[in-house]
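This briefing introduces a protein chain to a reader who is new to structural description. Please keep the sequence and the structure in view while reading.

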Amino acid sequence: MAESTSDAEPEREQSLGETRERLTDALEGARGGAKPADVRAVREAVRDTAEKILRRPVDGIVEVSPGDGGWTVGVEVIERRSVPDTQDILGRYDLRVDESGSVDEFRRVERYRRSEFDRRKREPT
């Protein structure tokens, strides 16, 4: 029996709230000195948040950088699985997280096949 959207919404809200608490805790720890362990905590908290917001599995965190009043985190998500997996379509998203742990914005910055990633890096810009 499939869950209706209205039945799943309270669970999703609760899950996002718990993830936001983890992200807030990680950000508070990182502001205290930005130790590598704190960056890892931000990365892991954002991973969970990204999967919930984007509703796609995160393939990897490719960037975590502090900025004015928060962090920018780059994530790759699997937008379409293929066989072989080198033909998977990946999307690169940047998420902007403020000091309170809220995701202020997210946007897809590029989309590509998994097999094209290395080739793109070698091409002159």
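The points below proceed from the whole chain to the sheet, and then to particular residues and their charged partners.

The structure is a predicted model. Its chain contains 3 helices and 4 strands, and these elements follow one another along the sequence in the pattern α-α-β-β-β-β-α. The 4 strands form an open, antiparallel sheet, and a search of the whole structure finds 6 salt bridges.

**The chain as a whole**

- The chain has 125 residues, of which 31% are buried.
- About 7,900 Å² of the chain is exposed, and carbon and sulfur atoms supply 45% of that area.
- Among the contacts between residues at least 6 apart in sequence, 40% join residues that are at least 24 apart.

**The layout of the sheet**

- The strands are arranged in the order 1-2-3-4, with antiparallel pairing.
- Strand 1 (58-67) and strand 4 (103-113) are the edge strands, since each of them pairs on one side only.
- From one strand to the next, the twist averages 20 degrees.
- In a regular strand, side chains alternate between the two faces of the sheet.

**How the strands are joined**

- Strand 1 and strand 2 (residues 70-80) run antiparallel and are joined by 8 bridges. Within strand 2, G74 stands opposite E63.
- Strand 2 and strand 3 also run antiparallel, and 10 bridges join them. Here V97 in strand 3 is the residue opposite W71.
- Strand 3 and strand 4 pair in the antiparallel sense over 9 bridges. In strand 4, R107 is the bridge partner of D94, and E105 is the bridge partner of R96.
- Strand 3 and strand 4 form a hairpin, with 4 residues between the two strands. One residue of the turn, G101, has a positive phi of about 95 degrees.

**Strand 3 and its buried charged residues**

- Strand 3 comprises residues 89-98 and is mostly covered, with 9 of its 10 residues buried.
- R92 and D94 form a salt bridge in which the closest N and O atoms are 3.1 Å apart.
- R92 counts as buried because its relative accessibility is 16%, below the cut-off of 20%.
- D94 has a relative accessible area of 16% and is therefore buried as well.

**D88 and its surroundings**

- D88 is located in the loop between strand 2 and strand 3.
- Is D88 buried or exposed? Its relative accessible area is 2%, so D88 is buried.
- A polar atom of the D88 side chain lies 2.7 Å from the backbone nitrogen of S82.
- Leaving aside neighbours within four places in sequence, D88 is in contact with R80, R81, S82, Y112, R113 and R114.

**Salt bridges between separate parts of the chain**

- Which residue meets R111 in a salt bridge? The partner is E79, and the N to O distance between the two side chains is 2.6 Å.
- R111 belongs to strand 4 and E79 to strand 2, so this pair ties together parts that are 32 residues apart in sequence.
- E79 counts as buried because its relative accessibility is 12%, which is under the limit of 20%.
- The side chains of R114 and D88 meet in a salt bridge with an N to O distance of 3.0 Å.
- This pair links distant parts of the chain, 26 residues apart: R114 is in the loop between strand 4 and helix 3 (117-122), and D88 is in the loop between strand 2 and strand 3.
- The two partners differ in their exposure: R114 counts as partly exposed at 26% relative accessibility, whereas D88 counts as buried at 2%.
- D59 joins D88 and R114 in a network of salt bridges.

Notes:
Residues are numbered from 1 along each chain as its sequence is written. This is a predicted model: local features need pLDDT of at least 70, side-chain atom pairs count only at pLDDT 80 or more; totals for chains, interfaces and linings use all residues. Side-chain values use heavy atoms; hydrogens and water are left out. Two strands pair if DSSP finds at least two bridges between them. Axes are lines fitted to C-alpha atoms, for helices over the stretch in contact, and angles run from 0 to 180 degrees between N-to-C directions. Buried means under 20% relative accessible area, exposed over 50%, partly exposed in between (1.4 Å probe, protein chains only). Contact means heavy atoms within 4.5 Å. Accessible areas come from the Shrake-Rupley method with a 1.4 Å probe; for residues, only the protein chains shown count as cover. A polar contact is a pair of N or O atoms within 3.5 Å; within protein, one must be able to donate a hydrogen and the other to accept it, and residues adjacent in sequence count only if both atoms are side-chain atoms. A salt bridge is a side-chain nitrogen of Lys or Arg within 4 Å of a carboxyl oxygen of Asp or Glu.
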